[in-house]
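Visitor: Hi! Could you walk me through this one while I have it open?
Guide: Happy to, let's bring it up.

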Amino acid sequence: THGNRVAEFAPDNSVAWSLDNSEVGGRLSDPCGAQRLPGGNAVICSYAQQDPQKPRIFEVTRAKKVVWEFFHPTARAHEVHIVTTNGERVTPVMR
């Protein structure tokens, strides 16, 4: 978390995908929760984000493009669990 990086690991423990602040404009600040969605995007919580110009939660594509962001002046986002998308149950796959 303090490295401000998110990583997804393959079954052989190699890094399958990763993301750091240089790729998302400094949005990561102690990222503590991430979930891969069925379409391949990831939703990431930035727990310690204090900059009001940066999001607490955001969604990013595998190509590292930000899709949407959630801003809040005081709320903290430690973890997020997407339960459904378009009425379909989502099974978390990112660990």
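Guide: One term before we start: a residue is called buried under 20% relative accessible area, exposed over 50%, and partly exposed in between. Also, this is a predicted model.

Visitor: Good. Then which class does Phe70 fall into?
Guide: Phe70 has a relative accessible area of 37%, and partly exposed is the class between 20% and 50%, so that is where Phe70 belongs.

Visitor: Where does Phe70 sit in the fold?
Guide: Phe70 lies in strand S6, which covers residues 66-70.

Visitor: And what does Phe70 form on the surface with Val67 and Trp68?
Guide: The three make up a nonpolar surface patch, and together they have about 270 Å² of accessible area.

Visitor: Okay, S6. Which sheet is that strand part of?
Guide: S6 belongs to an open sheet of four strands, ordered S3-S4-S5-S6 and paired antiparallel. S3 and S6 are at the edges with a single partner strand each, so each has one side without a neighbour in the sheet. On average, neighbouring strands in this sheet are turned by 15 degrees against each other, ignoring direction.

Visitor: How many bridges link S5 to S6?
Guide: Four bridges join them, with S5 spanning residues 57-60 and the two strands running antiparallel.

Visitor: Which residue in S6 is opposite Phe58?
Guide: That would be Glu69.

Visitor: Switching topic: backbone angles. What is the sign of phi at Asn4 and at Asp30?
Guide: Positive at both: phi of Asn4 is near 50 degrees, and phi of Asp30 is about 60 degrees. Neither residue is a glycine. For background, most residues other than glycine have a negative phi.

Visitor: Where are they in the chain, and is each buried or partly exposed?
Guide: Asn4 is in the segment before strand S1 (5-9), and at 22% relative accessibility Asn4 is partly exposed. Asp30 is in the loop between strand S2 (15-20) and strand S3 (31-36). With a relative accessible area of 13%, Asp30 counts as buried.

Visitor: Zooming out, how many helices and strands are there?
Guide: The protein chain has zero helices and eight strands, giving the pattern β-β-β-β-β-β-β-β along the sequence.

Visitor: And what about burial and contacts for the whole chain?
Guide: Of the 95 residues in the protein chain, 37% are buried. Among contacts with a separation of 6 or more, 39% involve residues 24 or more positions apart. The chain exposes about 5,700 Å², with carbon and sulfur atoms supplying 50% of that area.

Notes: Residues are numbered from 1 along each chain as its sequence is written. This is a predicted model: local features need pLDDT of at least 70, side-chain atom pairs count only at pLDDT 80 or more; totals for chains, interfaces and linings use all residues. Side-chain values use heavy atoms; hydrogens and water are left out. Patches are made of residues with over 30% relative accessible area and no salt bridge: like charges are joined within 9 Å, nonpolar side chains (Val, Leu, Ile, Met, Phe, Trp, Tyr) within 5 Å. Accessible areas come from the Shrake-Rupley method with a 1.4 Å probe; for residues, only the protein chains shown count as cover. A salt bridge is a side-chain nitrogen of Lys or Arg within 4 Å of a carboxyl oxygen of Asp or Glu. Buried means under 20% relative accessible area, exposed over 50%, partly exposed in between (1.4 Å probe, protein chains only). Two strands pair if DSSP finds at least two bridges between them. Axes are lines fitted to C-alpha atoms, for helices over the stretch in contact, and angles run from 0 to 180 degrees between N-to-C directions. Contact means heavy atoms within 4.5 Å.
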